[in-house]
Amino acid sequence: MTDKYTQFVSRGLGRDIAKKLGLPQPVELRRYRPGQPLIEGPILVQGAGAGADELAAALLAWDLDVRRHAVPREKLGAIILVLDVAARPEDLERPVLTAAASLRDLASGGRVVTISRSAAEATDPAAAAARQGVDGLLRSLAKELRAGATGNGIVLADGARTTSPGTLGALRFFLSGRSAFVDGQFLTVTSDAGELPADPEKPLTGKVAAVTGAARGIGAAIARTLHRDGATVIVIDIPAAGDHLAAVANEVHGTALQLDITREDAGQRIIDHAVQRHGRLDIVVHNAGITRDKLLANMDQSRWSSVIGVNIAAQLRINEALLASEHFRTSPRIVSVASTSGIAGNRGQTNYAASKGGVMGMVRATAPLLAEHGGSINAVAPGFIETEMTAKIPFATREVARRLNSLQQGGRPGDVAEAIAFLASDAAGGISGEVLRVCGQNLVGA
Ligand code: NAI
């Protein structure tokens, strides 16, 4: 379902009025459905160098329709701009302007993906400038794309190649309908770790995943998506949400664990349930979260401590138990739900933003600890998502908030779930300590 405004401006008189008045004209996004092709139309791989050639060969091996040169006026599903050999800012000109000539041929719901090297690792100022330049370029281009097309980037750290599992995994995610609401974002591939799934439709086959806060909203969507992708799912929520939790557990053919995640022994309870009922634990998704909004001048201790307690302190304590457990040692994956409020800040949400900023710091510092066991930990930061929580925002504020991104609409719980499912998969094993925003490229803040 799209929102009413999107329906109104998508056809007939509504479309004409919106066009004349210069109003936002959101389109229905290309979202993933099982069995759907990865992308409709040919993929143009632009860029010189061995990395671009190797990548094009890898895509051909997936039976995709790959072009190394544009065919005039041919509709393209995607443009991949490989800029890994740029050593000076001037080196960007040729590949970027050649790709620019094909932008008008990008199909609705098309994709632009840049692949470049990490600016943080460059010691030569000119190389750092070229690499950091890709950041500004891609974020601006994403704001220029229309008709549900998105632009995202993959950054290669020193240990990664254009054909590393993490690069190909991230590329698959960005090309597919799974990333419909991810726009203007970068993922850094830090190593050659990870593995592409035997069956891309079921990348989580054989995995056991625990999802907190799964009785409703985004958590329930995560449970459904992980189940669709082949995982056995343990859904966790407070006892008061027991009925809804049982319904979600039944729907995903999983098991329910009634648990307040702020309990001291929450981590051990999750491990025990997983091992006793399913024999293993591979993935933990920290989704449970609460808001207790107040201006800081009016903030009371209970609002502050409850938000910090549920949103970050509980995650830290559960992670400690996971890291200490011998049952969480085979390519373990943790994915935490942060928020764009923790990046850009939000009036009335000092407590919430502190907790969500905390999630991002925690993820960065936990990554090396999990790497010892071939594991990874990442965060997903949703922007405006259509949920019960955001449905309560007054109409005018809500209407402004949901249009303030490059895709001019709110995301769906399933969009957040898709990003989490990708980061929970072995294809993302070479990606760790990262924050991926699922916000349609919010125009406000970072
Ligand atoms: P929701 O309020 O609909 O669901 C949260 C779930 O967490 C509820 O089922 C609740 O019972 C459970 N929960 C709360 N405290 C718990 C505890 N101590 N132990 C176990 N379970 C507990 O929230 P929604 O909208 O689905 O959000 C999910 C996550 O996404 C949260 O972390 C939230 O901060 C984050 N988020 C949501 C956005 C949105 O637009 N809805 C935007 C950005 C982030």
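**Close-up views of a predicted model**

**View 1. Helix H9 passes helix H10 in a right-handed crossing.** Everything in these legends comes from a predicted model. To talk about a pair like this, you need two things: packed helices are described by the angle between their axes and the distance between the axes. Here H9 covers residues 266-278 and H10 covers residues 301-324, and their axes come within 7 Å and cross at roughly 50°. That angle makes H9 oblique to H10. On the H9 side, look for Ala266, Gly267, Gln268, Ile270 and Ile271, and on the H10 side for Ile318, Ala321 and Leu322, since these residues make the contact. Sort them by type and you get 6 nonpolar, 2 polar and no charged residues.

**View 2. Helix H7 meets helix H15 in another right-handed crossing.** The axes of H7 and H15 come within 8 Å, and the crossing angle is roughly 50°. So this pair is oblique too. From H7, the residues to find are Gly217, Ile218, Ala221, Ile222, Thr225, Leu226 and Arg228, which meet Pro413, Gly414, Val416, Ala417, Glu418, Ile420 and Ala421 of H15. This contact divides into 9 nonpolar, 3 polar and 2 charged residues.

**View 3. Helix H15, residues 413-423, is mostly covered.** How many of the 11 residues of H15 are buried? Count them off and you reach 10. They are Pro413, Asp415, Val416, Ala417, Glu418, Ala419, Ile420, Ala421, Phe422 and Leu423. Several of these turned up in the previous view, among them Pro413, Val416 and Ala417, which take part in the contact with H7.

**View 4. Helix H8, residues 242-251, has buried residues lining one face.** Which residues of H8 are buried? They are Gly242, Leu245, Val248 and Ala249. Here's a handy bit of background: an α-helix has 3.6 residues a turn, so residues three or four places apart point the same way. Looking down the axis of H8, you'd find its buried residues within an arc of 125°, so they line one face of the helix. And what do they pack against? Their partners are helix H7 (217-228), strand S8 (232-237) and strand S9 (255-258). Turned away from that buried side is a face carrying the exposed residues Asp243, His244 and Asn250. Follow the chain past H8 and you come to His253, which has a positive phi, near 55°.

**View 5. Ser336 sits in strand S11, residues 333-337.** Is Ser336 buried or exposed? Its relative accessible area is 0%, so Ser336 counts as buried. Setting aside residues up to four places away in sequence, Ser336 touches His286, Gln315, Val359, Met362, Val363, Asn378, Ala379 and Val380. One of these, Gln315, belongs to the stretch 301-324 that makes up H10, the helix from the opening view.

**View 6. Ser179 lies in the loop between helix H6 (165-175) and strand S6 (186-189).** Don't let the word "loop" fool you: Ser179 is buried, with a relative accessible area of 0%. Which residues is Ser179 in contact with, leaving aside its neighbours within four places in sequence? Look for Arg111, Phe173 and Phe174. For a sense of scale, pick out Gly136 as well: Ser179 and Gly136 are 43 residues apart along the chain, and their C-alpha atoms are separated by 20 Å.

Terms used
Residues numbered from 1 in each chain as written. Predicted model: local features only at pLDDT ≥ 70, side-chain atom pairs only at ≥ 80, totals over all residues. Heavy atoms only, no water. Axes fitted to C-alpha atoms, helices over the stretch in contact; angles between N-to-C directions. Helix = DSSP H or I, 4+ residues; strand = E, 2+ residues; numbered from the N terminus. Parallel < 35°, antiparallel > 145°, perpendicular 65-115°, else oblique. Left-handed = near helix turned anticlockwise from the far one by under 90°. Contact = heavy atoms within 4.5 Å. Nonpolar A, V, L, I, M, F, W, Y, C, P; charged D, E, K, R; others polar. Buried < 20%, exposed > 50% of the residue type's maximum accessible area, 1.4 Å probe, protein only. Arc of directions from axis to C-beta.
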